[in-house]
Amino acid sequence: MKNIILISAACLLALLSTIGASLPYPILPPLFAAEAPNAFNNFLGLPSKLLFGLALTINPLGLLIGSAVLGPLSDRYGRRPLLMRTAVGAAIGHAITAWALVIQSYPLFIVARFITGLLEGNGAVARAMLADQLTGPLRLRAMSWLNGAFYLGWLVGPILAGATLGWGVTVPFWIAAAALMLVAVLVAVGLPRETPSLLTTSWWQVARDRHSLNLLRHDELRTLFIVQLALTCGVASFYEFYPLWLVETANYHAQEIAWVNVGLCGTMTVTSLLAGGPSRHAPLLRASWYACGVALAVGILALGNIWVGIAAIVLFGIPNALYNTVIQGWCAERFSAHGQGAVMGLLATTFCIANIVVALSGSVLTLIDTRLILVAGAFSAAWAAWRMVAWRRQLDGAVDAKAVA
């Protein structure tokens, strides 16, 4: 019963948090693609696509910082208090976002998206909580279900945005704020209190000295970072720019983008719920297969027409969900000595860095052709798949050499 409550609380936390994070994605492309310039999409007379790229970049920048420090902070101060405080703070961030849209203030919108992203880096804390409390096949299953809850949030959030957008562009953000306040209540009620730490170091010292990027001092974790960065650059190119591709290719609006997102996130959710079982194949080998699938889907989107592209968007969810389940479970087992919060934070931080890199490069490449960033993402994911195969052979060789010695 204790494990059921723990897994249920973590999954509901992931679901409600991601609903709040995913609401803006079908809303933003039409705002910046609007033909009529205004104070929001023509700030300082800059190109709307450039402003759109910055709007995409700033939230992952907050996520980058939050993911790097919140996991290690939870290793020090406990999972429950960090989850409660970050949920409330993210709710406030969404409220500020809504107000920025009302007054058409692009700078305030950027600040609000940064604050929200900073505090939504708590996904690493939820994963670390499961990695701490569970072991073996149950841990792998639970982390797969947690991923499914995150994906389901990406499904429900855009649907909610499309369904409520008719009442005003700010309504989805107020709903997100209410959902995150519910998250805080859920954490307070559903998670047990933890024994207070007796350490006297300040939170600033912990954030400075124990952030996830410190793990890059270790050779194997540095290899993980490089491979994961390449793969997630491919994933980020897809996530960030397929809505813009839909707008440019078929003049899709927020509601239509939301329905395409239903197919994608539904596929990822179902795949995650069924994934996590035992396999006779090595984790890195399976991860390389799934990375190839990611590269193929992104490449097909870049080169296909609208219907081929929509099929690629939906089917992308299968290899992406399977990859995340395998790599997170493998990292939890292999690198647990470094602290689960820090390790899960490194994975989340890597994805955030990828989002920033892709958003900045994409804001330039889309001025030429949106398909260019998708092609670049496909090549990046394909390289990651090749590198994982080589890495597995290297690890197998090291094991064989040790056995002979």
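Colleague: In this predicted model, which side chain meets D219 in a salt bridge?
Modeller: The contact is a salt bridge with an N to O distance of 2.3 Å. Both residues sit in helix α10, 3 residues apart, so about one helical turn separates them. The partner of D219 is R222.

Colleague: Is D219 buried or exposed?
Modeller: Exposed means over 50% relative accessible area. D219 has 55% relative accessibility, so D219 counts as exposed.

Colleague: Which residue forms a salt bridge with R334?
Modeller: The closest N and O atoms of the pair are 2.4 Å apart. R334 lies in helix α14 and its partner in helix α10, so the pair ties together parts that are 114 residues apart in sequence. R334 is partly exposed at 41% relative accessibility. The partner is E220.

Colleague: How many salt bridges are there?
Modeller: One of them joins D369 and R371, with the closest N and O atoms 2.7 Å apart. D369 is partly exposed at 25% relative accessibility, and R371 is partly exposed at 43%. The count comes to 3.

Colleague: Which helix gives the most to the largest nonpolar core?
Modeller: That core has 94 residues, and L246 and W330 have the most contacts inside it. L246 touches Y252, I257 and I310, among others. The helix, with 16 residues in the core, is α10.

Colleague: Where does the largest core lie with respect to domain 1 and domain 2?
Modeller: Domain 1 spans 1-193 and domain 2 spans 210-404. Both give residues to this core, so the core lies between domain 1 and domain 2.

Colleague: How many residues does the other core have?
Modeller: This core lies apart from the largest one. Its members include I19, L83, A90 and M129. The count is 33 residues.

Key: Residues numbered from 1 in each chain as written. Predicted model: local features only at pLDDT ≥ 70, side-chain atom pairs only at ≥ 80, totals over all residues. Heavy atoms only, no water. Core = buried A, V, L, I, M, F, W, Y, C linked by side-chain atoms within 4.5 Å. Buried < 20%, exposed > 50% of the residue type's maximum accessible area, 1.4 Å probe, protein only. Helix = DSSP H or I, 4+ residues; strand = E, 2+ residues; numbered from the N terminus. Domains from an automatic or database assignment. Contact = heavy atoms within 4.5 Å. Salt bridge = Lys/Arg side-chain N within 4 Å of Asp/Glu carboxyl O. Lists of a residue's contacts leave out its neighbours within four places in sequence.
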